[in-house]
Amino acid sequence: AYAGDLLGNLWKFDLTDANPANWKVSYNTNADGSGDPKPLFQAVNKRGKRQPITARPDVMMPCGPYQKGYFVVVSTGRYLGSDDFADITVKSVYGVWDWQDAWGADGTDKYLGYLEAPDGNEFRALSNASQFAASYADKLTFQEQRQIYYDADNGYRVMSDNPLDWASVPPTPSDIEHVGWYFDFPGTGERGTQDVVIRGGYVILITQT
């Protein structure tokens with residue numbers, strides 16, 4: 001099961017044991033499960049601000065050709081009270097490859113972390129990449145998608161189709177390898193508080209300002 005929280009954490013829970021007392025967070029700091037539970041991914045924008053998750057994620061499989069795991073799509077933003085009216089920090093929608101199954105028994109410590117704030121080259125590396133990519137940690141990221149057209153009269157936007165170079169398991173020293181994608185909402189105060197829906201491989205998402 002997947003769920004988000006107000007700190008932008010996207011959690012994965014292992015509910016496979018017949019005894020509910022043994023249910024647990026799937027990712028951990030140690031492969032043997034002895035460390036602190038960790039989220040699969042943390043939503044953080046380019047300015048380093050956490051992006052709260054209040055909508056339900058949706059999940060599809062497989063995430064790519066010949067790949068194991070699940071693909072989780074989640075939007076960010078909250079609209080729960082008067083404090084949220086003035087919030088104009090950038091929110092986003094993410095497509096996240098949960099690749100734990102691809103790693104097998106060694107996958108419990110392969111959580112992704114968060115996309116770091118861009119440096120001068122605007123490249124956003126994953127904060128936990130050194131745990132699974134060794135010296136190629138600065139090559140692993142999410143592919144950014146952008147708005148290329150917006151129809152204000154009818155309320156729809158046309159998105160980019162920037163290709164994803166799916167990461168191998170373990171990652172290899174290619175130029176760039178992706179474990180997901182993201183799209184920053186361009187509208188001032190725009191946020192995604194309604195549930196994401198995946199149908200036929202397409203993501204359907206309604207945002208609001």
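**Exercises on a pocket, a patch and salt bridges**

The largest pocket holds about 960 Å³ of space. This is a predicted model, in which local features need pLDDT of at least 70 and side-chain atom pairs count only at pLDDT 80 or more, while totals for chains, interfaces and linings use all residues. Residues are numbered from 1 along each chain as its sequence is written, and side-chain values use heavy atoms, with hydrogens and water left out.

**Exercise 1.** Describe the lining of the largest pocket, by residue and by class.

*Solution.* Start with the term: on a 1 Å grid over the protein atoms alone, a pocket is an open set of points where a 1.4 Å probe fits, with protein on both sides within 12 Å along at least five of seven lines, and lining residues have an atom within 4 Å of a point. Next, find the residues: 32 of them line the largest pocket, and Val93, Met159, Trp181, Val203 and Ile204 lie nearest its centre. Finally, sort the lining by class, which gives 20 nonpolar, nine polar and three charged residues.

**Exercise 2.** Find the residues that make the nonpolar surface patch, and the strands that supply them.

*Solution.* Such a patch joins nonpolar side chains (Val, Leu, Ile, Met, Phe, Trp, Tyr) within 5 Å, taken from residues with over 30% relative accessible area and no salt bridge. Here Ile148, Tyr149, Tyr156 and Val158 make a patch of about 390 Å². The elements that give two or more residues to this patch are strand S12 (147-151) and strand S13 (156-159). Val158, placed in strand S13, has a relative accessible area of 33% and is therefore partly exposed; buried means under 20%, exposed over 50%, and partly exposed in between, with a 1.4 Å probe and protein chains only.

**Exercise 3.** Explain why the salt bridge of Lys46 and Asp184 ties together separate parts of the sequence.

*Solution.* A salt bridge is a side-chain nitrogen of Lys or Arg within 4 Å of a carboxyl oxygen of Asp or Glu, and by this rule the count comes to nine. In the bridge between Lys46 and Asp184, the closest N and O atoms are 4.0 Å apart. Lys46 lies in the loop between strand S6 (41-42) and strand S7 (58-60), whereas Asp184 lies in strand S14, so the pair ties together parts that are 138 residues apart in sequence. Lys46 is partly exposed at 25% relative accessible area, whereas Asp184 is buried at 15%. Both belong to a network of salt bridges that also links Glu144 and Arg146.

Technical notes: Patch = residues over 30% accessible without salt bridge, like charges linked within 9 Å, V, L, I, M, F, W, Y side chains within 5 Å. Areas by Shrake-Rupley, 256 points an atom, 1.4 Å probe, with all protein chains shown as cover. Helix = DSSP H or I, 4+ residues; strand = E, 2+ residues; numbered from the N terminus. Points joined across faces, edges and corners; volume = space filled by probe spheres on them. Nonpolar A, V, L, I, M, F, W, Y, C, P; charged D, E, K, R; others polar.
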